[in-house]
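Thanks for coming. I have one model to go through today, and I will keep to what can be read from the coordinates.

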Number of protein chains: 2
Amino acid sequence: MATGRTHRPATRSRGIPEATVARLPLYLRALTALSERSVPTVSSEELAAAAGVNSAKLRKDFSYLGSYGTRGVGYDVEYLVYQISRELGLTQDWPVVIVGIGNLGAALANYGGFASRGFRVAALIDADPAMAGKPVAGMAVQHTDELEKIIDDNGVSIGVIATPAGAAQQVCDRLVAAGVTSILNFAPTVLSVPDGVDVRKVDLSIELQILAFHEQRKAGEGAIEAAEGAVGVEGPAAKVTKPAAGGGTHRKGPDGDVPAVMPA
Amino acid sequence: MATGRTHRPATRSRGIPEATVARLPLYLRALTALSERSVPTVSSEELAAAAGVNSAKLRKDFSYLGSYGTRGVGYDVEYLVYQISRELGLTQDWPVVIVGIGNLGAALANYGGFASRGFRVAALIDADPAMAGKPVAGMAVQHTDELEKIIDDNGVSIGVIATPAGAAQQVCDRLVAAGVTSILNFAPTVLSVPDGVDVRKVDLSIELQILAFHEQRKAGEGAIEAAEGAVGVEGPAAKVTKPAAGGGTHRKGPDGDVPAVMPA
DNA sequence: TCATGTGAACAGATTCACAGCG
DNA sequence: CGCTGTGAATCTGTTCACATGA
């Protein structure tokens, strides 16, 4: 889901639903593990368990790729690894650049999963002149001035942004102008890009906030019903048409009328 | 999307659809920015643009929280910030532990977005005895032996796993046994957890693979039709019932019969 | 006989379009 | 009049359940 703004339907490219595409890497990982253990075939049931999905979904997913299984038997591991790899475009080499070599950028550069599976870190780029030339993950960091040249020389079409939020849009614009058409954004900002450019974002604080939401709910559990009935903890129930106290238009908060504004 | 295995329906908790919950942090961020610029109100149109969604979706999302807007005017920024914060459970403090202080763990520890918005790093934990006591992000790293005690003493319910894949499940088990009920997993593995525990995963290589899929498609463009017709690039068309060459059962690959197995 | 592959039923999310209210 | 709030239509994704074929 993280395909960012401005670029839309992105619907099923050549018939494969987006949700399925997002699961293919999961299957591929599970299959690779099986392959390493020289397991020749798997059933949808086994593979689904390894990938953490249910088997009906997995079979449906695979059905979009074609009929690659054998009824009564299962799927040939090696063959599926190949098919999924090809479908994902991993049989070719994808040079990527990482822009912003701070803590996170360095972590990404060192991340092994990057190098495997068809991705190759073509360059590490940072705006800080003091970083230029410094070795990170066995590679010399290059200055932002070189960005366009690097993209061009290496035929880079995928860029990773690991800069502070403030710099992200500007970096993004330069990447796109230089020919990058897919961006993985770690900066906590919404990027705008022209049509035809894909953006996916990875956002730590968003993930945490989603967890907090569910966590909060767990704590409440049975108390919720009671509280809602009694105090009217928001929801349509709290739709007080006229504010009970305080002259303003709004301020219909359930636990006290004045919002306790969050710290920045 | 990312709610991990074993725990499922997870559907709408108390009426708010999961998809909406996932966008609330986005709105909150945009609203916080407006708040800092002292903007008093926003229309759904403006806010949607800032958050990178469309306005109908945003209005629908907000409608699940209650009727917090004013027709003909828009939404009160401060008020919405408060409502969303409360809905997400950010008006309380969430102590989190980060397990695995490698490159990534250190990056996370240093990540500012952590500290803001209700999350507090209660401890950094690593299995390497050599790391113990070392300062990272102004905090002394503690040894895994202390894990249970730390969780308990600090009332931690959210854990972040940034260990290598091999250690993740084991760490996860210990976190859960110690009382953690929400986990953010950066290790490239499927975690199994008992019912009632939420897992969200952030997986760099999966994101890249999804980008590669779309990237590949862009490159192909009009050529796809032709190629499929001519060579029979898989799809139902490639459903060769009997392998053309090579004795095996499968191996129906389009560009060469032997799968070019990926490197690990 | 067994597990795949898939139509059909269902569920969830998005978009449309407009009634309703400030 | 302008913008929110929301039913209804649509679209996407998931699950069911079973016919099909190795």
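**Strand 9 and its partners**

Strand 4 (residues 94-99) and strand 9 of chain A pair in the parallel sense, over 4 bridges. Helices and strands here are DSSP runs, H or I of at least four residues for a helix and E of at least two for a strand, numbered from the N terminus. Two strands count as paired if DSSP finds at least two bridges between them. In this pairing, Val96(A) stands opposite Ile158(A) of strand 9.

Strand 9 of chain A also pairs with strand 10 (residues 182-185) of chain A, again parallel and over 4 bridges. There Ile158(A) faces Ser182(A) of strand 10. Strand 9 itself covers residues 158-161; Ile158(A) and Val160(A) point one way, Gly159(A) and Ile161(A) the other way, and all are buried. Buried is under 20% relative accessible area, exposed is over 50%, and partly exposed is in between, with a 1.4 Å probe and protein chains only.

**What kind of model this is**

This is a predicted model: local features need pLDDT of at least 70, side-chain atom pairs count only at pLDDT 80 or more, and totals for chains, interfaces and linings use all residues. Residues are numbered from 1 along each chain as its sequence is written, chains are lettered from A and ligands numbered from 1 in the order in which they are written, and side-chain values use heavy atoms, with hydrogens and water left out.

On confidence, pLDDT is the predictor's confidence in each residue, from 0 to 100. Chain A has a mean pLDDT of 82, and 78% of its residues reach 70 or more. Residues 1-13 of chain A stay under 50, and the model has 30 contacts for them beyond four places in sequence. Residues 222-264 of chain A are also below 50, with 55 contacts beyond near neighbours in sequence. A contact means heavy atoms within 4.5 Å. Where pLDDT is low, the predicted coordinates should not be read in detail.

For the chain as a whole, the secondary structure of chain A comes to 10 helices and 11 strands. Of its 264 residues, 50% count as buried. Among contacts in chain A between residues at least 6 apart in sequence, 54% join residues at least 24 apart.

**The small sheet**

Chain A also has an open sheet of 3 strands, in the order 1-3-2, with antiparallel pairing. Strand 1 (41-42) and strand 2 of chain A stand at the edges with a single partner strand each, so one side of each has no neighbour in the sheet. Strand 1 and strand 3 of chain A are joined over 2 bridges in the antiparallel sense, and Thr41(A) stands opposite Asp76(A) of strand 3.

Before strand 1 comes Ser38(A), in the loop between helix 1 (18-36) and strand 1 of chain A. Ser38(A) is not a glycine, yet has a positive phi of about 60 degrees. Most residues other than glycine have a negative phi. Ser38(A) counts as exposed, at 61% relative accessibility.

**DNA strand C**

Which residues come nearest to DNA strand C? Of the 25 around it, they are Ser44(A), Gly69(A), Tyr75(A), Arg23(B) and Asn54(B). A residue is near if one of its heavy atoms lies within 4 Å of the strand. Of the strand C atoms within 4 Å of the protein, 66% belong to sugar or phosphate and the rest to bases.

For polar contacts, the criterion is a pair of N or O atoms within 3.5 Å; within protein, one must be able to donate a hydrogen and the other to accept it, and residues adjacent in sequence count only if both atoms are side-chain atoms. A polar backbone atom of Ser44(A) is 2.4 Å from a phosphate oxygen of DNA strand C. On the base side, a polar side-chain atom of Arg59(A) lies 2.9 Å from a base nitrogen of strand C. For Lys60(A), a side-chain N or O atom is 3.4 Å from a base nitrogen of strand C.

Ser55(A) belongs to helix 3 (residues 55-65) of chain A. Ser55(A) is buried, at a relative accessible area of 12%. Not counting residues up to four places away in sequence, Ser55(A) touches Ser44(A), Glu45(A) and Ala48(A).

**Between the chains**

Last, Gln216(B), in helix 9 (residues 204-220) of chain B. A polar atom of the Gln216(B) side chain lies 3.1 Å from the backbone oxygen of Arg86(A). The Gln216(B) side chain also reaches the backbone nitrogen of Gly89(A), at 3.3 Å.
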